[in-house]
Amino acid sequence: MDASVWNTDERGRPSSRAVAGGMLENHLYLFDAEALLAASHAIEELALEEANGTLLAAMQGFKHFEPHRERYWQLAATLADVRVIAHGKQPPRHGHLKFIATSHKALGPVWTVLYQGQRRQAMLVCRQTNRAKTFEEKRFEGCYTFNRELIARVRQDLEQILAGRAPRMREFERLLAIDQAAKKLAAEFTREHKAVDSALRKLQTAGVDYSPRHLEAVVQKSLSRLKRLTDRLPDLVCAAQPRLAA
């Protein structure tokens, strides 16, 4: 497969290829279109295996739904409720398969497949990061999760937006802010660790020209920089505040 998933840095930029077997739940990655579909299909397969519960999918435009029509007919024949959210010309309803047409700008870049079953649940929630019009050229930042409460909150956001009671995907923005803060913190820890380790190695090799006091100064500066970073952590996750205060 040519599908690609990338780890991202604290600014959401791709930093390295993510190994499929090593991807972590609730960590944000950058997906290409093929990887996005593969993850979506995995959740749809889980829903078919469970054969109970509900599935909600947001697919940007209904034109993106067409290649998956038969799969969703099968899902609708298996589950009690299957809904597809997108913009454009709405296909005719088919059995339990329902379509929800929307032009809300908050949902325009969103792609999510959300399954809530009696025993298991799973979700992929992503937002497009580039301006590509052709689906195969699109890139999406997002994550997968099996956490029941997190999935319920994202579904609530979708329903609130559709009902005109919310302007944006607050839960996704909260996840994004926390993920970026975590990566920022990890990057700073790595840099400071390298600085202290380099000073220790210099103490080994430089002899009397590099005293323990030099090492102490390096450590103190490193700790001071980390203290300034921790003081800024609440600001780094400020997007989480509307959800926490609600």
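In the predicted model, Arg155 touches Thr54, Leu56, Asp81, Leu114 and Gln116, residues up to four places away in sequence being left out of the count. Arg155 belongs to helix H3, which spans residues 148-162. With a relative accessibility of 9%, Arg155 falls under the 20% limit and therefore counts as buried. Two of the residues that Arg155 touches, Thr54 and Asp81, are also bridge partners of one another, Asp81 being located in strand E5.

Strand E5 comprises residues 81-87 and is mostly covered, five of its seven residues being buried. Pairing between E5 and strand E4 (residues 54-61) is parallel and extends over six bridges. The connection from E4 to E5 passes through helix H2 (residues 69-78), and the resulting β-α-β crossover is right-handed. E5 is also joined to strand E6 (residues 97-101), in this case by five bridges, and these two strands likewise run parallel. Within this pairing, Val84 has Phe99 of E6 as its bridge partner.

The loop between E5 and E6 contains Gly88. Once neighbours within four places in sequence are set aside, Gly88 is in contact with Phe62 and Ala101. A further spatial relation links Gly88 to Gln60: the two residues are separated by 28 residues in sequence, and their C-alpha atoms lie 8.9 Å apart.

Gln60 itself is situated in strand E4. Its relative accessibility is 4%, which is under the 20% limit, so Gln60 counts as buried. The backbone of Gln60 adopts a positive phi of about 65°, although the residue is not a glycine. A positive phi is also found at Ala51, another residue other than glycine, where the angle is near 60°. Ala51 lies in the loop between helix H1 (33-50) and E4. The surroundings of Ala51 leave it partly exposed, with a relative accessible area of 40%; this value is neither under 20% nor over 50%, and the intermediate class therefore applies.

Gln60 is also one of the residues lining the second largest pocket. The space in this pocket amounts to about 200 Å³. Besides Gln60, the lining consists of Gly61, Lys63, His64, His87, Gly108, Gln128, Asn130, Arg131, Ala132, Lys133 and Lys138. Classified by residue type, the lining has one nonpolar, seven polar and four charged residues. Strand E5 is represented in this lining by His87, and strand E8, which covers residues 121-128, by Gln128.

Among the lining residues, Arg131 is found in the loop between E8 and E9. In contrast to the buried Gln60, Arg131 has a relative accessible area of 80%; this is over the 50% limit, and Arg131 is therefore exposed. Arg131 and Gly61 both contribute to the lining; these two residues are 70 residues apart along the chain, and their C-alpha atoms are separated by 14 Å.

Strand E9 (residues 139-145) has five buried residues among its seven and is therefore largely enclosed by the rest of the structure. Its pairing with E8 is antiparallel and involves six bridges. In this arrangement, Leu124 has Tyr144 of E9 as its bridge partner. E9 is additionally joined to strand E3 (residues 29-32) by four bridges, and these strands also run antiparallel. Asp32 stands opposite Arg139 of E9. The pairings of E9 with E8 and with E3 are thus antiparallel, whereas those of E5 with E4 and with E6 are parallel.

A further buried position is provided by Leu229, located in helix H5 (residues 212-236). The relative accessible area of Leu229 is 3%, under the 20% limit, so this residue is classed as buried. Leu229 and Phe189 are 40 residues apart in sequence, with a C-alpha to C-alpha distance of 10.0 Å.

Notes. Residues numbered from 1 in each chain as written. Predicted model: local features only at pLDDT ≥ 70, side-chain atom pairs only at ≥ 80, totals over all residues. Heavy atoms only, no water. Buried < 20%, exposed > 50% of the residue type's maximum accessible area, 1.4 Å probe, protein only. Pairing = 2+ DSSP bridges. Right-handed = clockwise from strand over helix to strand, strands pointing away. 1 Å grid on protein atoms, 1.4 Å probe; cavity = no way out; pocket = protein on both sides within 12 Å on 5 of 7 lines; lining within 4 Å. Points joined across faces, edges and corners; volume = space filled by probe spheres on them. Nonpolar A, V, L, I, M, F, W, Y, C, P; charged D, E, K, R; others polar. Contact = heavy atoms within 4.5 Å.
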